[in-house]
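Biologist: I'm new to reading protein models, and I'd like a close look at one part of this one. Could you pick a starting residue and lead me from there, step by step, into its surroundings?

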Amino acid sequence: ALGRFPRSRYPEFTNCSRPKYAGENYKCARKLFDLGNQMLAPFYAFAEDRSWKAKWGEPLRDRPETTYPQRELLGIFWMTYFNAAYVEFFGKDRFSSLPGVEYNASGGATIMLADRPQNVPDGLRDWVAATLGKQSFVELDTKYLLPKRQGRHVLTFEQLRAFDAARENQG
């Protein structure tokens, strides 16, 4: 599928149509992740292999309500992107202490924990979440009787819109 990109418009995907070795698939995944974040401008995005479903699927079904991004974010994954509003919310100093962080031109940050999902060390995802603020993420080891309060540990959609509007007014 990646080989169908017009080479003149997306030359960085030229080698993605027929990878020579498995590692190229992960390099292509990173390129697609970055392109998607650039084009769609999400406030939060992640990429992971299928093994995350085994860890997350059952515990999420046991929660009293569906995870809602104005109350908590799903977690830290192999690749996790936060826009500039979230970099400011958590604090750039916290991001600077994390491994595999790259900032983009808009001030967002991508955390890539390893060269491929299978190589992420045990406990690293939890450590990154704790460094940024564990309360902002789904905590699988706890069953909440009451849901987290909207906007307490994460940004609300209104706050995200206000951040974007303030940046547009500055620029």
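Modeller: Happy to! Let's start at Thr131, which touches Arg94, Ser97 and Leu98 if we leave out residues up to four places away in sequence. Please keep in mind that this is a predicted model. Thr131 is found in helix 5, and a polar atom of the Thr131 side chain lies 2.8 Å from the backbone oxygen of Trp127.

Helix 5, which covers residues 124–132, is a good doorway, as it supplies at least two residues of the largest nonpolar core. That core has 37 residues, and Phe82, Phe95, Ile111 and Leu132 are those with the most contacts inside it. Helix 1 (22–40), strand 1, strand 2, helix 3 (84–90), strand 4 and helix 6 (157–170) also supply at least two residues each. Helix 3 gives the most, with five residues. For a wider view, nonpolar side chains tend to be buried together in soluble globular proteins.

Now pick Phe82 from that list and look around it. Not counting neighbours within four places in sequence, Phe82 is in contact with Phe43, Tyr44, Leu73, Ile76, Val87, Phe90, Phe95, Gly108, Ala109, Ile111, Leu132 and Phe137. The relative accessibility of Phe82 is 0%, so this residue counts as buried. Phe95 is buried too, because its relative accessible area is 0%, and the cut-off for that word is under 20%.

Several of these residues carry rings, and the way rings sit together deserves a moment. A pair of aromatic rings is described by the distance of the centres and the angle of the planes. Across the whole structure, a search finds 15 aromatic pairs. Take Phe82 and Phe95: their ring centres are 5.6 Å apart and their planes stand at 70°, so this pair is edge-to-face. The label follows because planes over 60 degrees apart count as edge-to-face. Phe82 belongs to strand 2 (residues 79–82) and Phe95 to helix 4 (residues 92–96), so the two rings tie together parts that are 13 residues apart in sequence. Both also belong to one aromatic cluster, made up of Phe43, Tyr44, Phe46, Phe77, Phe82, Tyr86, Phe89, Phe90, Phe95, Phe137 and Phe157. A ring can have a charged partner as well: Lys92 lies over the face of Tyr103, at 4.4 Å from the ring centre.

Next, follow strand 2 itself. Met79 and Tyr81 point one way from this strand, Thr80 and Phe82 point the other way, and all are buried. On one pairing, strand 2 joins strand 1 (residues 44–47) in the antiparallel sense over four bridges, with Met79 standing opposite Ala47. Strand 2 also pairs with strand 4 (residues 109–112), again antiparallel and over four bridges. Here Ile111 is the bridge partner of Thr80, while Thr110 stands opposite Tyr81.

Strand 4 shows its own alternation: Ala109 and Ile111 point one way, Thr110 and Met112 the other, and all are buried. Strand 3 (residues 101–103) pairs with strand 4 in the antiparallel sense over three bridges, and Glu102 stands opposite Thr110. The hairpin of strand 3 and strand 4 has five residues between the strands, and in it Gly107 takes a positive phi near 95°.

Just past strand 1 there is a charged side chain to visit. Glu48 sits in the loop between strand 1 and helix 2 (52–61). With a relative accessible area of 18%, Glu48 is buried. Its side chain makes a polar contact with the side chain of Arg125 (2.9 Å), and the Glu48 side chain also reaches the backbone nitrogen of Trp78 at 2.9 Å. Setting aside residues up to four places away in sequence, Glu48 touches Phe77, Trp78, Pro117 and Arg125.

Finally, let's return to helix 5 by way of Gly91. Gly91 is found in the loop between helix 3 and helix 4, and its relative accessibility of 12% means that it counts as buried. The C-alpha atoms of Gly91 and Leu132 are separated by 8.1 Å, although their positions lie 41 residues apart along the chain as a sequence separation. That brings us back to Leu132, one of the residues with the most contacts inside the core.

Notes:
Residues numbered from 1 in each chain as written. Predicted model: local features only at pLDDT ≥ 70, side-chain atom pairs only at ≥ 80, totals over all residues. Heavy atoms only, no water. Phe/Tyr/Trp six-rings, centres within 6.5 Å; stacked < 30°, edge-to-face > 60°. Buried < 20%, exposed > 50% of the residue type's maximum accessible area, 1.4 Å probe, protein only. Lys NZ or Arg CZ within 6 Å of the ring centre and 35° of its normal. Pairing = 2+ DSSP bridges. Core = buried A, V, L, I, M, F, W, Y, C linked by side-chain atoms within 4.5 Å. Contact = heavy atoms within 4.5 Å. Polar contact = N/O pair within 3.5 Å; in protein donor to acceptor, adjacent residues only side chain to side chain.
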